[in-house]
Amino acid sequence: MAKINPKFGKELNKYGAVNFNACYNCGNCTAVCSLSTEEDSFPREMVRLSALGLEDDIKASLKPWECYYCGECSTHCPQEANPGELMMSLRRYLTAQYDWTGLSGLLYKSLPISIAAFILTFVGVMAFVISVGFELEKMLHFGHLFEMIAIGTVGLVILLPNIIKMWYLTILKPKVKVPFMKYVKSMGELFIHMFTQKRALGCDDNQFRWFEHFILVIGYLSLLFTTVALDWFGSENLFVIILGYVMSAIVFVVTVDFVGSRMKKQKEVSKHSQPSDIFFVVWLFLMGLTAFMVRLFIDLEILEMNKWLYIFHLTVLVQWALIIVPFGKWTHFLYRSFAMYFAKLKS
Amino acid sequence: MKKKKIGVYICHCGGNISDYVDVEKVRQAVEGDDIVFLAKTTMFACSDSNQRDMVEDIKANDLDGVVVASCSPKLHLLTFRNVSVRADLNKYTYVHANIREQASWAHSDNKMGATEKAIHLVKAAIAKSRYADALETNKIKAIKAVAVIGAGVAGMKAALSLAEKECDVILIEKESFVGGRVAQWDSLSTTTETGKEMVKRLYNELVKHENITILTNCEVIENKGSVGNMLLKIKKTPRYIGGTCHPEDLKRAIEVCPVEVPDEFNFRLTTRKAIYKNYPSEYPQTPVIDIKNCTRCGACEKVCPAIDFSEKEEILEFSVGSVLMATGFDSYTPAYGEFGYATSENVITLPQFKRLIDTQSDKLIYKGKEINNIAYIYCVGSRQTDGENTYCSRNCCTSTIHAAVTAKTKFTDINNYHFNRGLRTYGKQEILYADSLSAGDIYLQSYEDGLPTVTLEGKKTIVKINDILTNGREIEVEADLVVLVTGMVPRADNKVGSLFKIPKGRDKFYNEVHMKLRPVETVIDGVTIAGACQGPKNIAESVNSALSAATKSYSILSKGELETDPLVATIDPEKCTWCGACEAACPFDAILKIEKGTKVIADINNTVCKGCGMCAPVCEPDAVNLIACSSAEIMSMIDALV
């Protein structure tokens with residue numbers, strides 16, 4: 001027995017859903033979707049659940065994560081009900097549901113709160129740099145330390161419990177019986193999808209976008225590794241220095257294309273961009289670029305300028321690590337891979 | 001008598017006939033007949049060139065008649081009759097033989113047999129041709145006046161259209177006011193005009209025409225005669241309010257009336273007095289006393305001098321040439337307990353709901369309770385799998401969505417849940433459906449074998465459905481109000497229909513002659529149908545059919561004279577003994593009992609007789625003779641065939 005909640009639509013609109021109520025259930029979206037299968041069919045079903053406001057069904061569903069937003073469904077929708085954007089909004093909505101702190105929801109739904117969060121972190125950074133008397137050495141040292149602490153804390157305190165909540169909502173609560181050995185055996189699925197986003201290749205004409213994304217993930221993870229584990233900014237090792245340059249360059253060069261497409265709004269995927277989508281690509285771009293510049297200034301020994309540049313870099317980094325990674329779009333990277341893993345468990 | 005000279009044409013029909021029938025052999029077989037002057041074969045008898053050749057043949061050889069052996073007479077009888085007319089012959093001298101459907105197509109497996117049969121068929125036609133004399137059509141005077149029965153939107157539009165053609169119109173309304181169903185609606189779909197405004201506009205136009213007589217409180221009780229001249233007897237029930245009277249007095253009279261009866265205008269949602277008007281701007285503007293419920297207490301008489309209980313029922317008589325029926329429909333009344341109807345107090349019908357929204361403002365209140373969640377159950381009394389009403393009422397999907405959107409706009413916090421069986425908001429009405437979806441209305445769908453259920457759980461009314469749009473999941477809605485989307489059914493009171501003997505279709509609505517090609521005519525000559533008495537229609541469709549029926553009714557009378565087919569039955573007064581068998585057999589009421597001298601005999605009404613021949617075989621003394629199908633003719637044809 002399911003009860004309808006007509007107010008749910010309004011809630012979902014706050015996560016960016018547009019006009020999905022216009023759906024008259026023709027099913028064209030599901031028919032054109034190259035990832036939808038007979039056993040695992042979407043997006044019409046998710047549009048329907050959203051229109052009726054069947055929240056429990058939506059929370060238990062992994063389907064929003066199985067979509068990679070090629071936008072074909074929205075292009076072909078005769079009612080302009082934007083099923084593609086609905087799936088994207090559901091991902092934002094689910095992110096908020098998985099997040100035990102509730103901050104994800106707040107940030108997604110309110111641009112003023114997001115801006116306040118960015119300002120607050122900036123103030124924090126400024127307070128820190130003032131406390132160390134604008135000394136670049138100290139800033140670099142604490143910055144590096146911050147990175148390590150942030151990764152550990154965000155991972156353990158925010159992301160891990162959220163993954164557990166996702167597991168609870170999608171596996172435990174709907175009473176899906178999974179033998180323990182299946183958890184172990186299906187583990188491969190998790191990592192393959194995490195690093196390659198293999199499933200996105202199934203979308204029509206998506207090879208280039210997939211490749212860009214793949215390079216970006218590799219670049220991003222390598223840059224993270226280079227700066228955190230290999231201490232790029234403090235390193236004297238030529239190999240490490242060059243690796244850092246290459247990886248940060250990859251990050252900001254590739255993100256230029258992503259930022260550009262968000263701005264142009266020509267593709268379905270970018271027509272309805274929400275602030276969270278823009279923040280994600282812009283901050284990623286800024287991270288790559290400022291990291292590159294900071295190291296360049298170190299190598300060119302332009303120290304006075306570099307101080308200010310580093311403050312800028314640190315601000316971007318802190319905002320990235322404390323806002324976008326735990327509560328923003330970054331989590332999709334994690335939830336998508338876990339969704340594929342859980343889907344394997346359910347199959 | 002001079003021996004007849006006829007021409008025979010045998011058609012190849014491009015091969016349709018000649019592939020199986022040896023047409024040359026047929027020609028040879030008949031050319032020797034004593035009355036056959038010429039016999040020809042032709043590739044296409046119906047072609048322009050052959051038609052021209054036929055005319056020339058007839059004129060050059062002074063032929064008396066023609067036989068064409070070709071396809072079914074349904075296709076080309078009129079074509080070749082016209083050829084005869086062009087060659088200055090009487091059209092009834094033409095005889096048709098069907099050797100395509102009856103010979104070549106029926107016996108494509110046996111060419112010899114097909115040819116032989118074709119020869120017989122053509123010989124029979126030649127035999128008939130011997131007797132095919134010139135006949136003149138009957139001409140009767142037609143009265144240029146039309147009675148329009150029913151002053152709803154269809155009747156009013158038809159009356160206007162007829163009046164513009166300089167035709168007298170008698171617009172007859174059984175109720176006390178004009179406007180019919182449309183007057184009951186405020187907001188209408190796909191227009192900003194309300195139903196009441198529309199009726200007002202039409203009424204104001206009607207009264208401008210001097211050739212329109214508007215009769216309210218009037219019923220046709222008798223009908224004599226036939227197309228062209230029909231004498232109608234009309235019973236006029238008094239309003240019991242005469243002369244002119246101060247509107248304030250009338251208002252007081254309504255106030256003081258102690259009687260309260262359910263108000264049918266508001267579908268029994270409210271009550272009205274025994275002296276009443278349905279709404280302030282209603283036409284005619286004089287109120288009426290509902291004498292059935294009036295207790296004659298006299299309270300109104302004291303405050304309003306115009307009230308006159310001495311008014312008597314009147315019988316009026318009008319002669320018209322044609323009758324246009326626009327008697328409308330009834331709304332389906334759900335059975336006791338059907339989706340909680342009459343058993344649950346939160347269940348009402350769509351017409352009631354529409355009146356409810358029209359009569360409320362700010363908040364939607366029903367039975368003292370504010371309404372927020374409304375469940376609409378579609379196709380109640382339509383598309384029945386178990387009941388008789390198998391048809392779709394076609395206007396209710398749009399009407400419901402329009403009502404739902406109106407309610408949502410007019411009142412706050414309204415949630416609409418549509419329990420439908422597939423939506424039919426055809427044409428421009430689709431926009432309304434899109435609007436309702438965008439406004440957040442929720443549509444749940446089932447097939448006829450999984451209809452929604454309405455149950456009472458304590459004070460709650462729960463509607464459940466296995467929604468086929470959500471993988472058949474059982475979904476429930478707690479509804480403050482359940483609206484049963486009831487469709488249109490034929491009028492329960494069919495007195496006037498029976499009076500004119502208008503046939504009904506399987507759906508029990510009045511039946512047209514041909515659904516596509518003769519959509520407003522009935523088999524009763526001179527009687528046309530318009531609006532929802534013919535079947536469910538929305539306002540636009542009703543008006544369409546009304547304009548069409550008006551044109552059709554007028555076209556019958558426009559010349560002031562009617563031509564009727566001469567192919568009718570005749571009575572031999574010598575032989576007839578009046579047993580009544582023919583009268584009983586006649587499906588058109590064309591046979592009358594008359595006195596001729598000292599004898600009682602049967603007489604045929606030529607304007608009504610269709611020449612169907614039902615009377616001929618039942619006549620024991622063989623007094624009935626069918627023109628162009630006389631016994632001698634038929635016998636000679638049989639001789640040629642066997």
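Let us begin with B:M325. In this predicted model, B:M325 touches B:I149, B:G150, B:I502, B:Y510, B:V527, B:I529, B:A530 and B:C533, leaving aside residues up to four places away in sequence. To which larger group does B:M325 belong? The residue is part of the largest nonpolar core, which holds 199 residues. B:M325 is among those with the most contacts inside that core, together with B:V148, B:A158, B:A159 and B:V482. The element that gives the most to this core is helix α17 of chain A, residues 303–327, with 13 residues. Apart from it there is another core, of 43 residues, including B:V83, B:Y94, B:A118 and B:V122.

I turn now to a set of strands in chain B. Strand β24(B), residues 453–457, is joined to β25(B) by five bridges, and the two run antiparallel. Within that pairing, B:T453 stands opposite B:K464 of β25(B). The hairpin of β24(B) and β25(B) has two residues between the strands, and in it B:G458 takes a positive phi near 65°.

Strand β25(B), residues 460–467, repays a careful look, as its side chains alternate. Which of them are buried? B:T461, B:V463, B:I465 and B:D467 point to one face and are buried. B:K460, B:I462, B:K464 and B:N466 point to the other face and are not buried. Please note that B:K464, the partner of B:T453, lies on the face that is not buried.

On we go to the next strand. β25(B) also pairs with β26(B), again in the antiparallel sense, over seven bridges. Here B:N466 stands opposite B:E474 in β26(B). Five residues lie between the strands of this hairpin, where B:N471 takes a positive phi near 55°.

Strand β26(B) leads us to the other chain. Two bridges join it to strand β1 of chain A, residues 2–3, and these strands run parallel. In this pairing, A:A2 stands opposite B:I475. How many residues of each chain are in contact? There are 13 residues of chain B in contact with 15 residues of chain A. On the chain B side, the elements giving two or more residues are α12, residues 430–438, and β26, residues 473–479. β26(B) provides the largest share of that side, five residues. By class, the chain B side has six nonpolar, four polar and three charged residues.

Finally, let us consider chain A. Its domain assignment gives domain 1, residues 8–98, and domain 2, residues 116–346. The C-alpha centres of these two domains of chain A lie 26 Å apart. Their contact takes 24 residues from domain 1 and 26 residues from domain 2. On the domain 1 side, the elements that give two or more residues are α4 (55–60), α5 (63–66), α6 (72–76) and α7 (83–98) of chain A. Which of them gives the most? That is α7(A), with seven residues. The domain 1 side as a whole divides into nine nonpolar, nine polar and six charged residues.

Helix α7(A) deserves a closing word. It is mostly covered, with 15 of its 16 residues buried. Its length can also be checked by a short calculation. At 1.5 Å a residue, the 16 residues of α7(A) should span 22 Å, and the end C-alpha atoms are 22 Å apart, so the two values agree.

Technical notes. Residues numbered from 1 in each chain as written. Chains lettered and ligands numbered in written order. Predicted model: local features only at pLDDT ≥ 70, side-chain atom pairs only at ≥ 80, totals over all residues. Contact = placed C-beta atoms within 7 Å. Helix = DSSP H or I, 4+ residues; strand = E, 2+ residues; numbered from the N terminus. Nonpolar A, V, L, I, M, F, W, Y, C, P; charged D, E, K, R; others polar. Pairing = 2+ DSSP bridges. Core = buried A, V, L, I, M, F, W, Y, C linked by C-beta atoms within 7 Å. Buried ≥ 20, exposed ≤ 12 C-beta atoms within 10 Å, placed from the backbone. Domains from an automatic or database assignment. Expected span 1.5 Å × (residues − 1).
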